[in-house]
Every structure is written in structure tokens, then in C-alpha cells.
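I opened the notebook to record what I looked up in this structure, entry by entry.

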Amino acid sequence: VKSSNLVQFQNKKILLFDKGLQKITLPGKVKLDILIISDNPDADINFINKYYEYKLLIIDNTNSKKWATNLEKQANAMHINYTVMGRNTSLLLSSN
């Protein structure tokens, strides 16, 4: 099931956080399995963490190298489980 930037596949909820979501505030936290940061949104991880709770953060290769490095430093400082997806890399996820 896909609804805008939110995808649900079996029991996994995945959100694509991009420029379309960078200014949107929510009344509470949305629980996700995976949050993907894509296309250099103008929002840092502190902003994202106000509105989303996730198990895995993915920084995809549509972000500039500078922005991806910045996000990676933020994730490390906050002890967030993350991965950086470079060009021609893949990630295998279990659906259970």
C-alpha cells in the first residue's frame, strides 16, 4: 500500500522523507520501521525525530555527498541505527 511518501509492505512501514515533507509538522509521532532521507531536504535529524519514530534510518544516494556526511555525523552523535546507500549498493530487509 502506498500513500504519498508512506509505503506499507506487509508489516513494514517505510517513509520517504524528502523536500515535500521538510516543513510539515505533525500533532504526534508517526511510528515507522524505516525512514529514508532523500533529495537533500532542508531538515536535520532533530527536526525529523520530533515527528517520526523509526528503527532504521537510510540516507540514500540522492542526497549530496556533503549533506549525507552531515546527516551521518548527526546520526552517529545520536546513536541512531542508520545506513548510507551509495551508488550501486543494496540493502536486504526481512519482512518479519
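**Notebook: Gln22, the cores and the overall fold**

I began with Gln22, which I count as buried because its relative accessibility is 16%, below the 20% that serves as the cut-off for that class. I keep in mind throughout that the model is a predicted one.

Looking up where Gln22 sits along the chain, I found Gln22 in the loop between β3 and β4, the latter spanning 30–31. I then listed what Gln22 touches, leaving out residues up to four places away in sequence, and obtained Phe17, Pro41, Asp42, Ala43 and Phe47. For Asp42 I also noted a polar pair, in which its backbone nitrogen lies 2.5 Å from a polar atom of the Gln22 side chain.

Next I turned to the cores. The largest nonpolar core has 20 residues, and those with the most contacts inside it are Phe17, Leu35, Ile45, Tyr52, Tyr54 and Leu57. When I asked which elements each supply at least two residues of this core, the list came out as β3 (12–17), β5 (34–37), α1 (45–51), β7 (56–59) and α2 (65–77). Apart from this core I recorded another one, of five residues, including Ile34, Leu56, Ile58 and Met85.

I followed Leu35 separately. Leaving aside its neighbours within four places in sequence, I find Leu35 in contact with Leu15, Phe17, Ile48, Tyr52, Tyr54, Leu56, Leu57 and Ile58. Phe17 thus appears in my notes both as a contact of Leu35 and as a contact of Gln22.

For an exposed residue I took Lys65, which lies in helix α2 and counts as exposed because its relative accessibility is 71%, against a cut-off of over 50%. I checked Lys65 against Asn40 as well: the two are 25 residues apart in sequence, and their C-alpha atoms are 9.8 Å apart in space.

Last, I put down the values for the whole chain. I count two helices and eight strands, and from the N terminus on the elements run β-β-β-β-β-α-β-β-α-β. Of the 96 residues, 36% count as buried. The chain exposes about 6300 Å², of which carbon and sulfur atoms supply 52%. Among contacts between residues at least 6 apart in sequence, 41% join residues at least 24 apart.

Methods:
Residues are numbered from 1 along each chain as its sequence is written. This is a predicted model: local features need pLDDT of at least 70, side-chain atom pairs count only at pLDDT 80 or more; totals for chains, interfaces and linings use all residues. Side-chain values use heavy atoms; hydrogens and water are left out. A nonpolar core is a set of buried Ala, Val, Leu, Ile, Met, Phe, Trp, Tyr and Cys residues joined through side-chain atoms within 4.5 Å. Buried means under 20% relative accessible area, exposed over 50%, partly exposed in between (1.4 Å probe, protein chains only). Helices (H or I, at least four residues) and strands (E, at least two) are DSSP runs, numbered from the N terminus. Contact means heavy atoms within 4.5 Å. A polar contact is a pair of N or O atoms within 3.5 Å; within protein, one must be able to donate a hydrogen and the other to accept it, and residues adjacent in sequence count only if both atoms are side-chain atoms. Accessible areas come from the Shrake-Rupley method with a 1.4 Å probe; for residues, only the protein chains shown count as cover.
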